[in-house]
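I set out to record the fold, the overall dimensions and the charged pairs of one chain. My entries follow the structure.

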Amino acid sequence: MSIKVNHVRISDDDVFQEMQYQTDAINVKEVIFKAAQALVVQQLLLQAVGIKKNTPNEEEKINQLLSDNIVIPTANVEFCKRYYDNNKIKFLDKERGETLPFEMVKVYIKEYLQNQSTVSGINEYIKMLAIDANIQGFDFKDPSVINIKI
């Protein structure tokens, strides 16, 4: 497997080292794919920042890049209430068989919606980087392969 991102090579050894972190994969083929995907994403972000792997403050620079390029809307009370009203089954107290009151769960709903917006924003930004990149040896242009988790 030979992968290049804008002429930067990702070696088989890099992929094999990354495989240990892909704990949610269901088989070896998926482990390899997810490891390669993670390294391609990493390389896209590094190149967008203009740094090489293992540069001091690498994570801070990438976080700043994402912060500068991703607008994440704040989930207001009305939006949280709408989510609550449309998903009451998720807020069922199983012991009492009653739906938990909105006031009791609104903080959790807001946090959940913020996390969903963050993940969605990051995924869209990475898709944009992938579309503009020259990626060889890995089918990364297919939007279905991009699924970042935080």
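**Charged pairs and overall form**

I looked first at helix H2, where Lys 34 and Glu 30 are 4 residues apart and thus separated by about one helical turn. I note that the model is a predicted one. These two side chains form a salt bridge, with the closest N and O atoms 3.5 Å apart. Glu 30 is partly exposed, its relative accessible area being 23%.

I then looked up Asp 24, which forms a salt bridge with Lys 34 at 3.3 Å between the closest N and O atoms. This pair links distant parts of the chain, since Asp 24 lies in the loop between helix H1 (12-18) and helix H2 (28-49), 10 residues from Lys 34 in helix H2. Asp 24 counts as partly exposed, at 37% relative accessibility.

I turned next to helix H5 (residues 102-132), which holds both Glu 103 and Lys 106, 3 residues apart. Their salt bridge brings the closest N and O atoms to 3.0 Å. Glu 103 is exposed at 55% relative accessible area, whereas Lys 106 is partly exposed at 28%. Shared partners join Asp 24, Glu 30 and Lys 34 into one salt-bridge network. I count 6 salt bridges in total.

For the whole chain, I recorded 5 helices and 5 strands, in the order β-β-α-α-α-α-β-β-α-β from the N terminus. The radius of gyration is 19 Å, against near 15 Å for a compact globule of 150 residues. The C-alpha atoms fill a box of roughly 55 × 35 × 30 Å along the principal axes. I found 35% of the 150 residues buried.

How values were computed:
Residues are numbered from 1 along each chain as its sequence is written. This is a predicted model: local features need pLDDT of at least 70, side-chain atom pairs count only at pLDDT 80 or more; totals for chains, interfaces and linings use all residues. Side-chain values use heavy atoms; hydrogens and water are left out. Helices (H or I, at least four residues) and strands (E, at least two) are DSSP runs, numbered from the N terminus. The radius of gyration is taken over C-alpha atoms; the globule rule is 2.2 Å times the number of residues to the power 0.38. Buried means under 20% relative accessible area, exposed over 50%, partly exposed in between (1.4 Å probe, protein chains only). A salt bridge is a side-chain nitrogen of Lys or Arg within 4 Å of a carboxyl oxygen of Asp or Glu.
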